[in-house]
Amino acid sequence: MDETEFWELIDATREAAEGDPEEQADLLVERLCRLDPERVLDFARHFEARYHRACTWDLWAAAWVLLDGASDDVFESFRCWLIGQGREVYEGAVHDPDALAELLDDFDEEIDGDGEELGYAADEAYEQLTGSVAPDLGLASAPADPRGTPLDLEDDQALAERLPRLWERFAA
């Protein structure tokens, strides 16, 4: 599976789920179960690489602003959700987390920002296809700490300075 096919699966399931991350995860498992196990593992590698890439202080700050606080577990779920938003939103946010102010049409704390189930979709599909747990993907381990300049996430002024457009739209 190449990168284009990865994003096509993400986009097709998000659109079919009408933006509901739990429904998107269910649809993603269904679609992945139509593939052979090796392609499911390829999907998992693409997902995990993007998940690790999104582990930055600025994206954690964005999650904090959007969700009115974000523990490390919540930030993990947020990164899965961010991938589930598709290539344009994901790449835009990784490049400039403040751009989420323009990239997101709206944001509902009740359903948006939590994509935990998306993070398990490939594992679930692989297990359904093979009856066994997915093997190690052979990728580098997750970063121990977010990349970038650390930030006190509980400091509203620091958040507003780091992400002015996002702060103005979603926190002010």
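Modeller: Contact means heavy atoms within 4.5 Å. Helices (H or I, at least four residues) and strands (E, at least two) are DSSP runs, numbered from the N terminus. This is a predicted model, where local features need pLDDT of at least 70 and side-chain atom pairs pLDDT 80 or more, while totals for chains, interfaces and linings use all residues. Residues are numbered from 1 along each chain as its sequence is written, and side-chain values use heavy atoms, without hydrogens and water.

Colleague: How many helices does the protein have?

Modeller: Read the elements from the N terminus on: they run α-α-α-α-α-α-α-α-α-α. There are zero strands, and the number of helices is 10.

Colleague: What is the radius of gyration of the protein?

Modeller: The C-alpha atoms fill a box of roughly 50 × 35 × 25 Å along the principal axes. The radius of gyration is taken over C-alpha atoms, and the globule rule is 2.2 Å times the number of residues to the power 0.38. For 172 residues, a compact globule would come near 16 Å; the protein agrees, with 16 Å.

Colleague: Why is α4 largely enclosed by the rest of the structure?

Modeller: Buried means under 20% relative accessible area, exposed over 50%, partly exposed in between (1.4 Å probe, protein chains only). The buried residues of α4 include Trp 57, Trp 60 and Trp 64. Their cover includes α5, α6, α7, α9 and α10. Helix α4 spans residues 57–67, and it is largely enclosed because the buried ones number 10 of the 11.

Colleague: Which element gives the largest share of the largest nonpolar core?

Modeller: A nonpolar core is a set of buried Ala, Val, Leu, Ile, Met, Phe, Trp, Tyr and Cys residues joined through side-chain atoms within 4.5 Å. The largest one has 56 residues, with Leu 32, Phe 43 and Leu 100 making the most contacts inside it. The largest share of this core is 10 residues, and it comes from α4.

Colleague: Which residues of α4 does Leu 100 contact, neighbours within four places aside?

Modeller: The partners of Leu 100 include Phe 78, Leu 82 and Phe 170. Helix α4 covers residues 57–67. Two partners fall in that range: Ala 62 and Leu 66.

Colleague: What is the angle between α1 and α3?

Modeller: Phe 6 and Trp 7 are among the α1 residues that meet α3, where Phe 43 and Phe 47 take part. Axes are lines fitted to C-alpha atoms, for helices over the stretch in contact, and angles run from 0 to 180 degrees between N-to-C directions. The two helices are therefore roughly perpendicular (65 to 115 degrees; under 35 is roughly parallel, over 145 roughly antiparallel, the rest oblique). Their axes lie 10 Å apart, at an angle of about 85°.
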